[in-house]
Amino acid sequence: MKTRTWFNRKAPGHAQGLEILSIGRWEYHVSTREVRCSPEVYQIFGLTSNTESLRPKMLVEWIHPADREIIKTYWRQVLQDKLQSRSFTYRINGLQNQSRYVHGTAECIYDENGTLTRVEGTLRDVTRMVMQHNLFVLKNELHALENFEADPLVILDKHLNVAKWNQASQALFGWSEKELLLHQPVHLRMENKEAMYDLYQTALRHGGTICFDSDYIKRDGTTFTATVCLFSLHNELGEIIGVAEHYQPLIHTNTTEHTSVQSEAHLHALTRHSSDVFLTLTRDMRISYVSNAIENVLGHRAIDVAQTNFLILVHPNDRQLCEEAIQNLSNGKQNKVKVELQIQNKDGIWRICDATFHNLHKGKRIDGYIVNFHDITENKQTQELMNYIADHDWLTDLPNRRAFEEQLSAMIGLAAKREHPFAVLTMNLNKFKYINDTLGHSIGDKLIQTISQDIRMCVPSECIIARIGADEFAILVPGAENPEHVYHLADQLLRLFEREIRIDQYAVYVSAGIGISFYPIDGTDTETLMQHADIALHHAKDVGHSAMQVYSTNLTAGAYKQFSLANDFRTALRNNDFVLHYQPRIDAITGRIIAAEALIRWDHEDWGLVSPGEFIQIAEDNGLIVPLGDWVIETVCQQLQKWSNSIAKGIKVSVNVSAKQFLVPNFVESVRKALAKYNVPAPQLEFEITETTIMPNEPSVVKAFEQLRTMGIAIFFDDFGTGYSSLSWLHRYELDGIKLDRSFVSHVPDHWAPTQIVSSVIQLAHSLGLTVVAEGVETIQQLDFLKQVKCEQIQGFLFSKPVPAQQFEELLRTGVLTPNPVHQTSPAPVENRRKHFRVTPPHPMVAMVTIAAVNSRRLSLGYTDILLMDIGPGGLRFVSNLRFPANHGVVLHFKLTLFKRTIELEGAIVWSEEMADNLLQYGVEFSLREAERKKLFTLLNDFAIQVQAGKYDGEWFTGPLDTFFQS
């Protein structure tokens, strides 16, 4: 058995040694989820053995309100073995609501296979020690810590970048503040990093304070152990703006400390093996001896219960258990019997006791019985509490995701035996984060509580409701033989959001989406049913507010891809799975590159390079657009520094900035620091903001514009003309230029209205002293027209698509770029890369495609129309408006009709090429057995003969390719 023990290593004086005598003991059994604790634990909380029964939530409420979430997060990390720390200190509410401090230790016990089987430890009141040794004394206001240098102090901002690293921290860890400023912390050990970030995020969301021991890394690679006090940091308005860490390294030379650890370990072992009450019974159950401990446990004096019948003390419902235990001992069936009994204390209250019976021998015969028991009433209540914490959401009292999935798994087992279908509903609130951000988390919490209560009232009692995310609920509906009943329930739930919800002085309006999956049609295991309900939910959100969708194989590959991207986005941001490409901005007259736009791409493991149009909205919906934007600005500055000694020296780069970034306090200062960090002149950086996202009359945006332009950073309005008040922005904000949206440019000069609009806008912009950039230029005709109306700069595929940094340098070396018209009505000719012949029909053939598998995981999705350009025994070429990765791990399934027969083929994309109008063409290699290839060879040979003779009458498409996908 593998055992690891952690004890408190701080014993600064005699006073703390006295506190060890009031140590409480607890233990938690993982398999049974059984919890036991000694009476001392309850004494620490100011309770006595005569206290009335505790409610499950009561002990959670003893934790200081400000610290509850961070303590729960800490314990989750400990029990999952993600945090290598088992010594911790936190605040509780003592009697008369006075804060006290308790210190806990833990011992994790593993079986031979390394599986955690039990956690046991101690708890004691250390308020005196905390006050004596100045723990928890640092104030959590920023201004109080700005000049703090007494001990190592690290401050992280809301993005968990280092904002302060004082001199004491430099002395302790070895890194200077200059090296780490605005970087992620580097002093965390790898095995603790995920857990620490979880604690940081909890502190940012909920606040709180906790002290615990953990291991850290120094610059020289050595590790050491320190006590860290982690607490949220507030501004003068009380808003959480960061996290602070106060460090105290542990020193192992204190003999008093060693004695404290040794005494604590010995006391722990002694209490663990002791029994509370010991008594002997005659064969007729009369008490012949009882230890004095019975007075401490039940309040009875030993002399008062001696010679009485033991069954008188036992609850009537449990007396048969006693008699059966005695009978099993008497007839030799068992040598020891353990039972739980309700035994009455002196005040008439029934206490739950864990009792063990043995035979009492006199010679060879049984002369009576030995009973020892201890009171486990509080243990039972604590077990209920632990079960509650593990299985319930603290805010709504609803089951959490873990409990819901356990119930779902049990329902699957029951339904499989009885062949009863059921449904899983997942419901997500729209724009809940916006309510949290604007009205505050307390209003958001009250809204969730109100909605959860409304759901309870709406849903039948036999259904199981759970809160499985911040703004997400799940409902398990048994007996779904008639799907219409499920649809009616979903409709009733959506109707809850048709009215205003009153929260304090606010009238809140919120909508929701619902996704539904059915057992066994949509899955026969927990993971599949939940995933399919989530896919349907994601599709419902695409449909619109207050919509429900049932999972169906008709959900397309595009819908599945969006679901997959939404699930993976947080991990991608944490892992920096993004890259920047650069698209040149060209002088319309000379063809010279004068600037570039930085465009983000997601380098996804399954989907390859994902364009921003597919994930920016995901970042917005998840509140991650600001850290993503910060990463782009930082990366562009870093790239400009690299280019400072190359052909790209002095090149300007524009960055798309979300309007939300302008609303972040100190945004301008963070830009200034990024420029200074990489020694980049401000005029080399330009910002583009989409006019449809900007906040009207927002003073902070106006101020940020002014400050940035004063620094030398140019501001452009992107996608100009797509907003409802484009012209009003021109006098409301000071700008340097506008970028004409491609929706106008793509129609010039062939269509009269867009041509007149573009001409007028360019003339107006010039009269206001603004530079004009035309986006999406793809033809010579568009270029000639834009030159004619004096548009200064051109950006589009006509000159270059967005390219990696190194390729952009190569474009700069050419000096002047020449137009390269994009093929709009048909794909560019493709070199024959196949080993087999190919058949090219006179017009594109209509076919269908779906995603059959991703990394060997088979999927069941609906089909999407495509245009097949050619086909051979080895593969095919097709055009689509969907972005598929050139990745052998993504298997596509095709359906096409030849000679009135449906042909189904599978393969993977081996190459792709971008066309105009957001279209792409792909080359696919089939995965066929040789016998299948021979059959296809014969069929395609006949097809080629028919096509050549002009006799084949298939399903063709004869119009422009982009119009096919628009329809």
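# Helices, a sheet and a loop in a predicted model

Me: Which elements do the buried residues of α19 pack against?
Reply: In this predicted model, the buried residues of α19 are Val486, Leu489, Ala490, Leu493 and Leu494. These residues cover an arc of only 140 degrees around the axis, which puts them on the same side of α19. The elements that this buried set packs against are β17, α18, β19, β22 and β23.

Me: Which exposed residues does the face of α19 turned away from its buried side carry?
Reply: A residue counts as exposed when its relative accessible area is over 50%. On the face of α19 turned away from the buried side, the residues that pass this cut-off are Glu484 and His485.

Me: How far apart are the end C-alpha atoms of α19?
Reply: Helix α19 has 13 residues, and at 1.5 Å a residue they should span 18 Å. The model agrees with that expectation, since the distance between the end C-alpha atoms is 19 Å.

Me: At the start of α19, which residue's side-chain oxygen reaches to the backbone nitrogen of glutamate 484?
Reply: The contact at the start of α19 joins a side-chain oxygen to the backbone nitrogen of glutamate 484. The oxygen comes to within 3.0 Å of that nitrogen, and it belongs to asparagine 482.

Me: Which strands stand at the edges of the open sheet of 5 strands?
Reply: The sheet is open and its pairing is mixed, with the strands in the order β18-β19-β17-β22-β23. An edge strand has a single partner strand, so one side of it is left without a neighbour in the sheet. The strands in that position are β18 (464-469) and β23 (547-550).

Me: By how many degrees are neighbouring strands of this sheet turned against each other on average?
Reply: The sheet holds 5 strands, running from β18 to β23 in the order β18-β19-β17-β22-β23. With direction ignored, its neighbouring strands are turned against each other by an average of 20 degrees.

Me: How many bridges join β18 to β19, and how do the two strands run?
Reply: β18 and β19 form a hairpin with 2 residues between them. Within the pair, glycine 469 stands opposite glutamate 472 in β19. Strand β19 covers residues 472-477, and the bridges to β18 number 5, with the strands running antiparallel.

Me: What angle does the direction of α19 make with that of β22?
Reply: Helix α18 (residues 441-458) packs on the sheet, touching β17 (422-429), β18 and β19, and its direction makes about 15 degrees with that of β19. Helix α19 (residues 483-495) also packs on the sheet, touching β17, β19, β22 (512-519) and β23. The angle between the direction of α19 and that of β22 is about 160 degrees.

Me: How many of the residues of β18 are buried?
Reply: Buried means under 20% relative accessible area. By that cut-off β18 is mostly covered, and of its 6 residues the buried ones number 5.

Me: Within what arc do the buried residues of α32 fall?
Reply: Helix α32 (residues 930-949) reaches 29 Å from its first C-alpha to its last. Its buried residues are Arg933, Leu936, Leu939, Leu940, Phe943 and Val947. Seen down the axis, they line one face of the helix, because they fall within an arc of 130 degrees.

Me: Which strands do the buried residues of α32 pack against?
Reply: The other side of α32 carries the exposed residues Glu930, Ala931, Lys934, Lys935 and Gln948. The buried residues of α32 pack against β33 (845-854), β35 (864-871), β37 (890-898), β38 (901-914) and β39 (920-926).

Me: Is asparagine 345 buried or exposed?
Reply: Asparagine 345 lies in the loop between β14 and β15 (350-362). Polar atoms of its side chain lie 3.0 Å from the backbone nitrogen of aspartate 347 and 2.9 Å from that of isoleucine 349. At 4% relative accessibility, asparagine 345 counts as buried.

Me: How far apart in space are lysine 336 and histidine 358, C-alpha to C-alpha?
Reply: Lysine 336 lies in strand β14 (residues 336-344), and its relative accessible area of 47% makes it partly exposed. Not counting residues up to four places away in sequence, it touches Leu329, Thr356, Phe357 and His358. Lysine 336 and histidine 358 are 22 residues apart in sequence, and their C-alpha distance in space is 5.1 Å.

How values were computed:
Residues are numbered from 1 along each chain as its sequence is written. This is a predicted model: local features need pLDDT of at least 70, side-chain atom pairs count only at pLDDT 80 or more; totals for chains, interfaces and linings use all residues. Side-chain values use heavy atoms; hydrogens and water are left out. Two strands pair if DSSP finds at least two bridges between them. Helices (H or I, at least four residues) and strands (E, at least two) are DSSP runs, numbered from the N terminus. Axes are lines fitted to C-alpha atoms, for helices over the stretch in contact, and angles run from 0 to 180 degrees between N-to-C directions. Contact means heavy atoms within 4.5 Å. The expected span of a helix is 1.5 Å times one less than its number of residues. Buried means under 20% relative accessible area, exposed over 50%, partly exposed in between (1.4 Å probe, protein chains only). The arc is that of the directions from the helix axis to the C-beta atoms. A polar contact is a pair of N or O atoms within 3.5 Å; within protein, one must be able to donate a hydrogen and the other to accept it, and residues adjacent in sequence count only if both atoms are side-chain atoms.
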